[in-house]
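User: I've got this one open on my screen and would like to talk it through. Can you take my questions one by one?

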Amino acid sequence: MAQPRYLCVEELPPRPDPSTGLPRPPRAPGFIGADVPVENSVIRERDPAWQPSPPPGQSPVLVWYRESRRGSVIGAVIFGLALAGILSLTRGTGWLTHWVVWVFLAVWLVVIYLISRTERFSAGADWVARGNKWVKVYDLVKVTCHSYPYWGAGVCMRDSSGRKLRYRFSDLSSDRMLWDLTYNGILHSVISGGAETNWMLRKSLALPYPEPGEGSDS
């Protein structure tokens, strides 16, 4: 059985400056996305006109992600192929001759496209947002991981002001810097702030435990 890893407050990576985002947080474990530079990605929006604004009174946006039209089409097609495969495995190929099923499939493709086009993810030096919901990542009091049917595994965060935010790991992994900024805040909140966690979060993010007498050992 692996021994738990401990980290003291003095060993924490530095917090980035709210204005510049420097120094950039170290690369965090658990990233499951494709580490592709923004200028080389065909599935993400690059037009600065789509960049979301920071939450009221917060530091500037350092990173943001929104799927491009091409990315949303690709995602919808992949979903459609997966759904068609499931239908064929469970119902046979007879569904191919039923127009109602095709209408149902087309509606779902449109829904998936619209959802992916409206989702917006962003982060600053000390906050992370999903749409209009956001939390201060260095001021978290509870961070837990859960797995949801049809949604996948994700992290639930609550800061000291009572704001709550739920993020799928796959969405956080849409950008390397988004992941690193969020992880560094979670790490600080757990080690120096004593944020409440659960076993699934520690395993998923390879989070160390605070040294005895520091933070929380939940």
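**Core, sheet and surface**

Analyst: Sure. Keep in mind that this is a predicted model. Its largest nonpolar core has 34 residues, and Val128, Val155, Met157, Tyr167 and Ile186 have the most contacts inside it.

User: Which element gives the most to this core?

Analyst: Several elements give two or more residues to the core, among them strand E2 (63-65), strand E3 (121-123), E6, E7 and E8. Helices are on that list too, including H3 (169-172) and H5 (199-205). The top giver, with nine residues, is H4.

User: Which strands stand at the edges of the open sheet, and why is one side of each left without a neighbour?

Analyst: The sheet has three strands in the order E6-E7-E8, with antiparallel pairing. An edge strand has a single partner, so one of its sides has no neighbour in the sheet. That describes E6 (140-148) and E8 (164-168).

User: And what stands opposite cysteine 156?

Analyst: Look at where E7 (residues 152-159) runs antiparallel to E8, joined to it by five bridges. Across from cysteine 156, in E8, you'll find arginine 166.

User: How much accessible area does the nonpolar patch on the surface have together?

Analyst: The patch is formed by Trp99, Val100, Val103, Phe104, Val107, Trp108 and Val111. One of its members, Val100, sits in helix H2 (residues 99-118). Taken together, the patch residues have an accessible area of about 680 Å².

Notes. Residues numbered from 1 in each chain as written. Predicted model: local features only at pLDDT ≥ 70, side-chain atom pairs only at ≥ 80, totals over all residues. Heavy atoms only, no water. Patch = residues over 30% accessible without salt bridge, like charges linked within 9 Å, V, L, I, M, F, W, Y side chains within 5 Å. Areas by Shrake-Rupley, 256 points an atom, 1.4 Å probe, with all protein chains shown as cover. Salt bridge = Lys/Arg side-chain N within 4 Å of Asp/Glu carboxyl O. Helix = DSSP H or I, 4+ residues; strand = E, 2+ residues; numbered from the N terminus. Pairing = 2+ DSSP bridges. Core = buried A, V, L, I, M, F, W, Y, C linked by side-chain atoms within 4.5 Å. Buried < 20%, exposed > 50% of the residue type's maximum accessible area, 1.4 Å probe, protein only.
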